[in-house]
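Colleague: Could you take me through one part of this model up close? I'd like to see how a pair of packed helices is described.

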Amino acid sequence: MPATNTTDKLHFGSYATLSDGNRIPRLGFGVYEMSDQEASRAVTWALEAGYRHFDCAEWYYNEQSVGSAISRFLASPGCPIGRSDIFYCSKLQSNNGYQAAKRSIAESVKKCGLGYIDLYLIHSPYGGRSNRLDSWRAIQEAKDLGLIKSIGVSNYAERHIQELLDSNPKYPATVNQCDLHPFMARLQLVDYCRANNIALECWGPLVRAERFDHPTIKELASKHSATPAQVLMYVRYRSVSLGALLTTSDTSSLHAVASRSNEATSLYVCVCATIRQLGPYCLHSTFAQQIPKSVSQHRIIENANVFAFELDQADMDRLLSLDEYLVTDWDPIGDPSA
């Protein structure tokens, strides 16, 4: 089933449909590098603000606090939503074989306390071919058991995805989460995932605030009365091709430029639209998702304002010309040892 949009007009409550038929909120919230206390508070604020997609990971060491905050919110008097309205993602930290992957999955489900995980990803390709495929076997079995709804990968290059496809899996990956932003375009990977109906979830769309002062970003932010972070989020929402799930570790303006040195940038927010070609990208992608993170209540709320303005085609052309293969964190995709 192709990844599709549910509506043409992006808004805070928009959903997209993954290739397995499951729906995913276009806007999400990430919890990378948050302490338990920070995560609990920030997730509660995000839920109150209307966020429904939360991106977590075994490696973040805060699955329990995130899940507990969600459960408390759902159990609060008069709560207007239920568990089925929440989209919770987690990730396998390491590829250490079939049994290790089974244990990690079970532990992640137990820690979050939500009954099941909506999207589960292999966090990276490290560990070697045999261990990667063993991890996938364990993940497929967990899906069959109802512990996981949708499955995918993270930081996978074309070679890793092709390896998985060549193994004739029962379930193909629905998502590939990787480092994508105007300064790291990965055009070949984008085209490859599009051709294989894999949604791209983009972590680090705010470039760890390293390009907030770039002349083009500043000019476009001023032109549209937006923050540099909102411009960067917009280009991910609007310009990534088929199935783009954007992940960044800070909401909206990443606590603004003033606090950029204290903010990590690698979580997620979801967005979708209809396909309209713009060079190697789509101005409106089948679905583009970002998952920003913030521990600031004001920034959490402000993040939704990425839908409040429109970049025209000339603006997009300028943003999409900025590619410089800028690595802001790790890069398993470009690591030949992976």
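Modeller: Sure! First, a term: helices and strands here are DSSP runs, with at least four residues for a helix and at least two for a strand, numbered from the N terminus. Counted that way, the chain has 10 helices and 15 strands. Keep in mind that this is a predicted model. Of its 338 residues, 63% are buried.

Now for the pair. Two packed helices are described by the angle between their axes and the distance between the axes. Our two are helix 3, residues 98–112, and helix 4, residues 129–144. Their axes sit 8 Å apart, and the packing angle is about 40°. Angles under 35 degrees would count as roughly parallel, and 65 to 115 as roughly perpendicular. Helix 3 and helix 4 are therefore oblique to each other. As for handedness, helix 3 passes helix 4 in a right-handed crossing.

So who does the touching? On the helix 3 side, the contact is made by Tyr98, Ala101, Lys102 and Ile105. Helix 4 brings Asp134, Ser135, Arg137, Ala138, Ile139, Glu141 and Ala142. Sort that contact by class and you get 6 nonpolar, 1 polar and 4 charged residues.

Zooming back out, take the contacts in the chain with a separation of 6 or more: residues 24 or more positions apart account for 76% of them. On the outside, the chain exposes about 12100 Å², and carbon and sulfur atoms supply 50% of that area.

Terms used
Residues are numbered from 1 along each chain as its sequence is written. This is a predicted model: local features need pLDDT of at least 70, side-chain atom pairs count only at pLDDT 80 or more; totals for chains, interfaces and linings use all residues. Side-chain values use heavy atoms; hydrogens and water are left out. Axes are lines fitted to C-alpha atoms, for helices over the stretch in contact, and angles run from 0 to 180 degrees between N-to-C directions. Angles under 35 degrees count as roughly parallel, over 145 as roughly antiparallel, 65 to 115 as roughly perpendicular and the rest as oblique. A crossing is left-handed if the near helix is turned anticlockwise from the far one by less than a right angle, and right-handed if clockwise. Contact means heavy atoms within 4.5 Å. Ala, Val, Leu, Ile, Met, Phe, Trp, Tyr, Cys and Pro count as nonpolar, Asp, Glu, Lys and Arg as charged, and the others, Gly among them, as polar. Buried means under 20% relative accessible area, exposed over 50%, partly exposed in between (1.4 Å probe, protein chains only). Accessible areas come from the Shrake-Rupley method with a 1.4 Å probe; for residues, only the protein chains shown count as cover.
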